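Me: I'm new to this, so could you take a close look at the cysteines in this model with me? I'd like to know which of them are bonded and where they sit.

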Amino acid sequence: MEDKSHTVGTFQVGDYAVFAALFVVSSGIGVFFAIKERKKASSKEFLVGGRQMSCGPVALSLTASFMSAVTVIGAPSDVYRYGASYVIFGVAYTFVVFLTAELFLPVFYRSGITSTYEYLELRFCKLVRVAATLIYIIQTILYTGVVVYAPALALNQVTGFDLWGSIFATGIVCTFYCTLGGLKAVVWTDAFQMVVMVVGFLTVLIQGASRAGGIESVWSTAHTGGRMDVFDFDVNPLRRHTFWTLSVGGTFTWLGIYGVNQSTIQRCISCKTEGHARWALYLNLLGLWIILFCAVVSGLIMYTFYSRCDPWSAGSVSAPDQLMPYFVMEILGAFPGLPGLFVACAFSGTLSTVAASINALATVTYEDFVSQCYRDLSNRAANWISKALCVVFGVACTTMAVAASYMGGIVQAALSIHGMCGGPMLGLFSLGILFPVTNLKGAVGGLIVGITLSFWVGVGAFIYPAPSNNTRPLELSTAGCNFNLTADGSNQTSVSVSALTSDRYWLADSWYSMSYLYYSAVGFIGTVAAGLLITLLTGPMDPKKVKPGLTRSVKDVICFCSEKFMHADFSEDKEDLGDFGMAWEKHTDTEGVIKMEEKVKSDNDNLHENGYTNAAFDHNETSQVKQSFNFLTK
């Protein structure tokens, strides 16, 4: 094993040049689409790409934004400390993508909505829609700000990379290409950034494996160090990572962030057809597996490299999240530009997440608030308002990143808020889609109970961290270091843990020690259980009164069991709308509905975009509307 002096370099001119190239290309894509689409001045074109996106770039976009810099830097560190069981997240990703594609996507896509929260008004009432939108806006701004700040801080402390320069550059560039190019710029930029992420990971894998002695050495050392004990079937919900927490808890966690999240659904409904949207999701699953594999193997290589001298225990880094940047600087520091390539890889995840968030925030604000207050806006005005909203939320997210620097330990709690809100929101949509009997009181009551439970356990866990017998970090060694951890060689960690566990609140070792992956499950179960109970006590809703297409049965989800899906035609030229109703039913004014019905009956193939912008129809969608109308008038 080579001597570990733990001396790493800092960023050089070549590294900054490579990193700058990422921002230049990303901005250039925004400029390209601003010029290319300058004659298509409509909010629909800007926010959902005119619903003409192909599945390939959308799939890459979904993967890039799903894997933020927190994942690129944090996942290898997690494998380094806790082992390769992290790979079981691949099981959760599979369930998440399947349920999104077969349960939630058909409802959102066929209803013709642009904001996912518009569904809540169709199913329940406008109050539920507004409440859900506000929750989404707050949690997304908070989360996005931390996603920008956390990796920038880790990179700054290890590489000397300018902290505030990277934060402001990220905010400015994302806002720039979101405002200029809209969703198309976001999607194609994400696709480019996904390629950068894979190349960056491959560089680390190849050079890291070489420096660690080869793949056989990595496997052997990781196995000896307990990192290859992947499958732990302990059902104890207090354990941090087991097969069940990662697969079941991970499914609830990511489905809340993925299946009903505006950022994900918005890109899916931008596809040409529902078939394209499904393909995008399943291709995205392949991308998720690839990134997950790269992150896990990177963690194992890093452990092998530092198996006899852990830089965290030795004090060379002050936090686990700094391990990956430290490792990269040590193995790639001698190659000008390659450290910059990894930083570009990490910030590609950040740019993708931030851009997707800005675009989604602008969309829900325009659709759920602006368009509801000003219904007679011209396409030009709507387009400019959408662009202005991108600027506003770009500034808000960047400001939040600056504020995160003053939050200290609260940063960890802020990251957890995304998951704590995701469970109740998933439960709310599930009540509407899977349970036709759910009434308004049940939906509101369930949401309140779900949020209360998930925040109770989440905030409690932040105040009372779980003891090490639940988290079970694996052993790290400093036997091969050239310096000592402490003057007397004592184990300070064990002393502090003993002190912490001496007088703990009784809930701290039970409820608050629950695995963080179950927070969303708690919120989901609380929302659904309370919602159904309140519905039962206040009088269930007659399922026949629910508008067609707003609910979905388990039979529909299992495609091969559904006769309707076996005969459905999902070609590019035709969508099987089935019994999913008419998208224009969202218009509450009777006169508007009558006018549209008259246009359909008269076979007018030129739907006027100015009158029906909210219906999200294209000019070639008249045949689809007629199918839906004919079904309802049989």
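Reply: Let's begin with the rule: two cysteines count as a disulfide when their sulfur atoms are within 2.5 Å. Chemically, a disulfide is a covalent bond between the sulfur atoms of two cysteines. Keep in mind that what you're looking at is a predicted model.

So how many disulfides does the rule give? The count comes to 1. The partners are Cys 309 and Cys 481, with sulfur atoms 1.9 Å apart. Look along the S-S bond and you'll find an angle of 110°, which makes the link between Cys 309 and Cys 481 right-handed. Now find the two ends on the chain. Cys 309 is in the loop between helix H12 (274-305) and helix H13 (323-332), while Cys 481 is in the loop between helix H18 (468-471) and helix H19 (492-500), so the bond ties together parts 172 residues apart in sequence. Are these two buried or exposed? Both Cys 309 and Cys 481 are buried.

Next, try Cys 178. Why doesn't Cys 178 form a bond? The closest cysteine sulfur belongs to Cys 390, and at 5.7 Å from the sulfur of Cys 178 that is too far for a bond, because the rule asks for sulfur atoms within 2.5 Å. Cys 178 itself has a relative accessibility of 0%, so it counts as buried.

Cys 373 gives you a contrast in setting: its relative accessible area is 60%, so this cysteine is exposed, since the cut-off for that word is over 50%.

While you have the model open, you can practise the same vocabulary on a few other residues. Asp 78 sits in helix H4 (residues 69-82) and is buried, with a relative accessible area of 10%. Leaving out residues up to four places away in sequence, Asp 78 touches Gly 83, Tyr 86, Arg 240 and His 241.

Gly 419 is part of helix H16 (residues 410-434), and its relative accessibility of 14% puts it among the buried residues too. Gly 458 is 39 residues from Gly 419 along the chain, and their C-alpha atoms are separated by 9.2 Å.

For the middle category, go to Trp 244 in helix H10 (residues 243-258). Trp 244 has 33% relative accessibility, so it counts as partly exposed. On the surface, Trp 244 joins Phe 231, Phe 233, Val 235 and Val 248 in a nonpolar patch, and together they have about 520 Å² of accessible area.

Methods: Residues numbered from 1 in each chain as written. Predicted model: local features only at pLDDT ≥ 70, side-chain atom pairs only at ≥ 80, totals over all residues. Heavy atoms only, no water. Patch = residues over 30% accessible without salt bridge, like charges linked within 9 Å, V, L, I, M, F, W, Y side chains within 5 Å. Areas by Shrake-Rupley, 256 points an atom, 1.4 Å probe, with all protein chains shown as cover. Salt bridge = Lys/Arg side-chain N within 4 Å of Asp/Glu carboxyl O. Helix = DSSP H or I, 4+ residues; strand = E, 2+ residues; numbered from the N terminus. Buried < 20%, exposed > 50% of the residue type's maximum accessible area, 1.4 Å probe, protein only. Contact = heavy atoms within 4.5 Å.
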